[in-house]
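Colleague: I should like to learn how to read the features of a structure that is new to me. May we go through a few of them in turn?

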Amino acid sequence: MGTFDIRGLRQPVIVAPMAGGPTTPELAAAGSNAGGLGFLAAGYLTAEALADRIAGARALTTEPLGVNLFAPQPSAGTAEQIRTYAEALAGEAQRYGVALGAPRYDDDAWADKLDVVHDLRPEVVSFTFGLPSQAEIARLHGAGITTVGTVTTVDEARLAVSRGIEGLAVQGPAAGGHRGTFDPAAEPASQPLEQLLAEVLAAVDVPVAAAGGLINADDVAGVLAAGAVAAQLGTAFLLADEAGSSAVHRAALQSPDFTETVVTRSFSGRYARGLRNRFISEHDAQAPLGYPEIHYLTSPVRKASVAAGDPQATNVWAGAGWRQARTGSVAEIIGSLLPGR
């Protein structure tokens, strides 16, 4: 069994893993140094890069650290659907002067990353999009690592606990970025976080953190009062000094030009919440499921959009409460979330 208990945090705030740039070793370490739990995001990294980031964060803190892995799932897309979508995106490639990426399936170097975390032993390893096998979970527990599953329904919560997962991050529908839904073909659950949290707490007997759309002190106080042992926030830290959010992402989050977040599969082939921009408006209706193939297909366009300083053809992931995200250090932001503590 893992040796770290998320009920023991000095400050009941988890800095959520945000793959693709926002999460840095500095962000994770700052979250832990402030008394919460900082997470490194392993998604899209090579195993070697993940090891480097764990080492980088370890150099900045002696406090506990978490690492989040994407659990592999089969793709929900067909080659024909993906080819049709690529044809629809030809104009985007032309607009930004790039070639579309080659759609491919991979498992995000799952086995290699499991080896990295087993060897480097962060205190907590969490999982998104699914679960490890019982044997993989037991191996991590044997290394003294606490395991946490990201769940979006009561059924997912029960499955995680039955497999040996020791804690849960219950993710509601207002979450920014990708939903953690296990079934890649399923519409994400729309049950409000408050209701989902209550049902999960009644169904399982492990520590539960609440996530998804939490942005301010009232949100944090609400989930703690409802029985969560910690609040997990991502969007609240996108503008933090230590975050690796791009200049385009930061500017968009603070721009009056963006008026809503929407859940889209247009960028990655998996449902994720971000600011509605031109790309979503023009392509969401025709976008198929198919993760990670669509992620690789659109990647060159997204990178070129960012390089051009243009937020209209890249994923600007954000939770529903993004307007309340504030600038400052992680320590200052955590302090604002826990007044009087």
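Modeller: Let us begin with burial: a residue counts as buried when its relative accessible area is under 20%, and as exposed when that area is over 50%. Please keep in mind throughout that this is a predicted model.

Colleague: Is Val200 buried or exposed?

Modeller: Val200 has a relative accessible area of 0%, so it is buried. This residue belongs to helix 8, which covers residues 193-203. Setting aside neighbours within four places in sequence, Val200 touches Thr153, Val154, Ala157, Leu168, Val170 and Val208. The C-alpha atom of Val200 lies 35 Å from that of Arg104, a residue 96 places away along the chain.

Colleague: How should I read burial along a helix?

Modeller: The general idea is that an α-helix has 3.6 residues a turn, so residues three or four places apart point the same way. Helix 6, residues 134-142, serves as the case here.

Colleague: Which residues of helix 6 are buried?

Modeller: They are Ile137, Leu140 and His141. Viewed down the axis of helix 6, these buried residues fall within an arc of 100°, and they therefore line one face of the helix. The face turned away from the buried side carries Ala135 and Gly142, which are exposed.

Colleague: Against what do the buried residues of helix 6 pack, and what follows the helix?

Modeller: The buried residues of helix 6 pack against helix 5 (110-120), strand 4 (124-128) and strand 5 (146-151). After helix 6 comes Gly144, with a positive phi near 80°.

Colleague: How does one describe the packing of two helices?

Modeller: One considers the angle between the axes, and an angle under 35 degrees counts as roughly parallel. Helix 5 and helix 6 pack at about 20°, with their axes 10 Å apart. These two helices are therefore roughly parallel to each other, and helix 5 passes helix 6 in a right-handed crossing. On the side of helix 5, the contact involves Trp110, Leu114, Asp115, Val117 and His118, while helix 6 contributes Glu136, Arg139 and Leu140. By character, the residues of this contact divide into 4 nonpolar, 1 polar and 3 charged.

Colleague: At roughly what angle do the axes of helix 2 and helix 5 cross?

Modeller: The axes of helix 2 (residues 47-58) and helix 5 cross at roughly 25° and come within 9 Å. Helix 2 is therefore roughly parallel to helix 5, and their crossing is right-handed. In this contact, Ala47, Leu50, Ala51, Ile54 and Arg58 of helix 2 meet Asp112, Lys113, Val116, Val117 and Leu120 of helix 5. The residues concerned divide into 7 nonpolar, no polar and 3 charged.

Colleague: What should I look for in the backbone itself?

Modeller: As a general guide, most residues other than glycine have a negative phi, and most peptide bonds are trans. Asp108 is not a glycine, yet has a positive phi of about 60°. Ala109, also not a glycine, has a positive phi of about 55°.

Colleague: Where is Asp108 found?

Modeller: Asp108 is in the loop between helix 4 (90-96) and helix 5, and Ala109 lies in the loop between those helices as well. Asp108 is buried, at a relative accessible area of 13%, whereas Ala109 is partly exposed, at 26%.

Colleague: Which residues does a cis peptide bond join?

Modeller: A cis peptide bond joins Tyr291 and Pro292, with omega about 10°. Pro292 is located in the loop between helix 11 (278-283) and helix 12 (293-307).

How values were computed
Residues are numbered from 1 along each chain as its sequence is written. This is a predicted model: local features need pLDDT of at least 70, side-chain atom pairs count only at pLDDT 80 or more; totals for chains, interfaces and linings use all residues. Side-chain values use heavy atoms; hydrogens and water are left out. Buried means under 20% relative accessible area, exposed over 50%, partly exposed in between (1.4 Å probe, protein chains only). Helices (H or I, at least four residues) and strands (E, at least two) are DSSP runs, numbered from the N terminus. The arc is that of the directions from the helix axis to the C-beta atoms. Contact means heavy atoms within 4.5 Å. Axes are lines fitted to C-alpha atoms, for helices over the stretch in contact, and angles run from 0 to 180 degrees between N-to-C directions. Angles under 35 degrees count as roughly parallel, over 145 as roughly antiparallel, 65 to 115 as roughly perpendicular and the rest as oblique. A crossing is left-handed if the near helix is turned anticlockwise from the far one by less than a right angle, and right-handed if clockwise. Ala, Val, Leu, Ile, Met, Phe, Trp, Tyr, Cys and Pro count as nonpolar, Asp, Glu, Lys and Arg as charged, and the others, Gly among them, as polar.
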